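The following exchange examines a single protein chain through questions and answers. Please consult the sequence and the coordinates alongside each reply.

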Amino acid sequence: MSADENRISTDFRRALRGFAATVSIVSARDRAGNHGITVTAVSSVSMDPPSLLVVVNRSGSMHAALAEGERFCINVLGTEQVEHSRLFGKSMPMDERFEHGDWRLSADDVPYLNEAQANIFCRRVSQLDVGTHTVFVGTVYRLAIGDAISPLIYLNGAYLRLGDEPGAGLVAAFPPAAAAVRPSTSHPSLHHAHRRV
């Protein structure tokens, strides 16, 4: 890498730290079981048909499940779910990740986090490799949405939450590496169920 390329790469990383993003977990299932990772590169694409995209590193453990599967779910995290984000961003076995939280299976075998702020179920319709990552585009075929809108935000290396009142702005920060994650005392099994659908 040349000096100019190295400088651009460094500056680009610094610029991206100024992008405030909602934190989600993308989840899918294949013959090996459930797969999920924490993501912030999620965006709506179209309202007709309703569709969104998620960007995943091609070298990551989640890539094959998305590339080979037909369906996935975007689980939008709320402010109280920092631990979920950290767990699914760690290097740990997939089955251990899904032992934390109320994970369930939809009728068509897509794992989803029951207590997430929203679950957006998608059918994969296209994908595009760009550099080290793949852009997966899915059309939305089912949603489960909670009453509150209080997303977990990631900005400049820290978790933030929005103020409760309009215009209150960002009112709290959670360090990205706080105390050790407390293991769950129970291990809810995945089962066929839907909430708020």
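**Loops, strands and buried side chains**

P49 lies in the loop that connects β4 (42-47) with β5. The model under discussion is predicted.

Q: Which peptide bond is cis, with omega near 0 degrees?
A: The residue concerned, P49, sits in the loop between β4 (42-47) and β5. Omega is near 0 degrees for the bond that leads into this proline, and the cis peptide bond is therefore, by the computed angle, the one from D48 to P49.

Q: How many helices and strands are there in the protein chain?
A: The protein chain has 197 residues, and buried residues make up 40% of them. Among contacts with a separation of 6 or more, 64% are between residues 24 or more positions apart. The count of elements in the chain is 4 helices and 13 strands.

Q: Which residues of the largest nonpolar core touch the most other members?
A: This core holds 18 residues. Two or more of its residues come from each of β2 (24-30), β3 (33-39), β5 (50-57), α2 (63-68), β6 (71-76) and β9 (118-130). Another core, of 13 residues, lies apart from it and includes I25, V82, F88 and F98. In the largest core, the members that touch the most others are V26, V54, L66, F72 and I74.

Q: With which residues is V26 in contact, leaving aside its neighbours within four places in sequence?
A: V26 is one of the residues that touch the most other members of the largest nonpolar core. Beyond its sequence neighbours, V26 is in contact with H35, G36, I37, V39, V54, M62, L66, F72, C73 and I74.

Q: Why is β6 largely enclosed by the rest of the structure?
A: Strand β6 is joined to β2 by 4 bridges, and the two run antiparallel. It is also joined to β9 by 6 bridges, again in an antiparallel arrangement. The enclosure of β6 follows from burial, because the number of its 6 residues that are buried is 5.

Q: In β6, which residue is the bridge partner of S27?
A: The pairing of β2 with β6 is antiparallel and comprises 4 bridges. Within β6, the residue bridged to S27 is C73.

Q: In β9, which residue is the bridge partner of R71?
A: The strands β6 and β9 run antiparallel and share 6 bridges. Within β9, the residue bridged to R71 is R123.

Q: Is H35 buried or exposed?
A: H35 belongs to strand β3. Apart from residues up to four places away in sequence, it touches V26, S27, A28, D30, S61, M62, A65, M94 and F98. Its relative accessible area is 12%, and under the 20% limit H35 is therefore buried.

Q: The side chain of H35 makes a polar contact with the side chain of which residue?
A: H35 also touches this partner in the wider list of contacts, which includes S27, D30 and S61. The polar contact spans 2.9 Å, and the partner is D30.

Q: How far from R97 is the nearest side chain of opposite charge?
A: R97 is located in helix α4 (residues 94-97). It touches G36, I37, L87, F88, K90, S91, M92 and W103, with residues up to four places away in sequence not counted. Its side chain reaches the backbone oxygen of K90 at 2.7 Å. R97 is buried yet has no salt bridge, and the nearest side chain of opposite charge, D95, is at 8.0 Å.

Q: What distance separates the C-alpha atoms of Y159 and V82?
A: Y159 is in strand β12 (residues 158-162) and is buried, with a relative accessible area of 7%. A polar contact of 2.7 Å links its side chain to that of S85. Y159 and V82 are 77 residues apart along the chain, and their C-alpha atoms are separated by 7.4 Å.

Q: What is the relative accessibility of D109?
A: D109 lies in the loop between β7 (103-105) and β8 (111-113). Its phi is near 65 degrees, a positive value in a residue other than glycine. D109 counts as partly exposed, with a relative accessibility of 38%.

Q: What is the phi of N156?
A: N156 is placed in the loop between β11 (152-155) and β12. It counts as partly exposed, at 47% relative accessibility. N156 is a residue other than glycine with a positive phi, near 50 degrees.

Conventions. Residues numbered from 1 in each chain as written. Predicted model: local features only at pLDDT ≥ 70, side-chain atom pairs only at ≥ 80, totals over all residues. Heavy atoms only, no water. Core = buried A, V, L, I, M, F, W, Y, C linked by side-chain atoms within 4.5 Å. Buried < 20%, exposed > 50% of the residue type's maximum accessible area, 1.4 Å probe, protein only. Contact = heavy atoms within 4.5 Å. Lys, Arg positive; Asp, Glu negative; His and termini not counted. Salt bridge = Lys/Arg side-chain N within 4 Å of Asp/Glu carboxyl O. Polar contact = N/O pair within 3.5 Å; in protein donor to acceptor, adjacent residues only side chain to side chain. Pairing = 2+ DSSP bridges.
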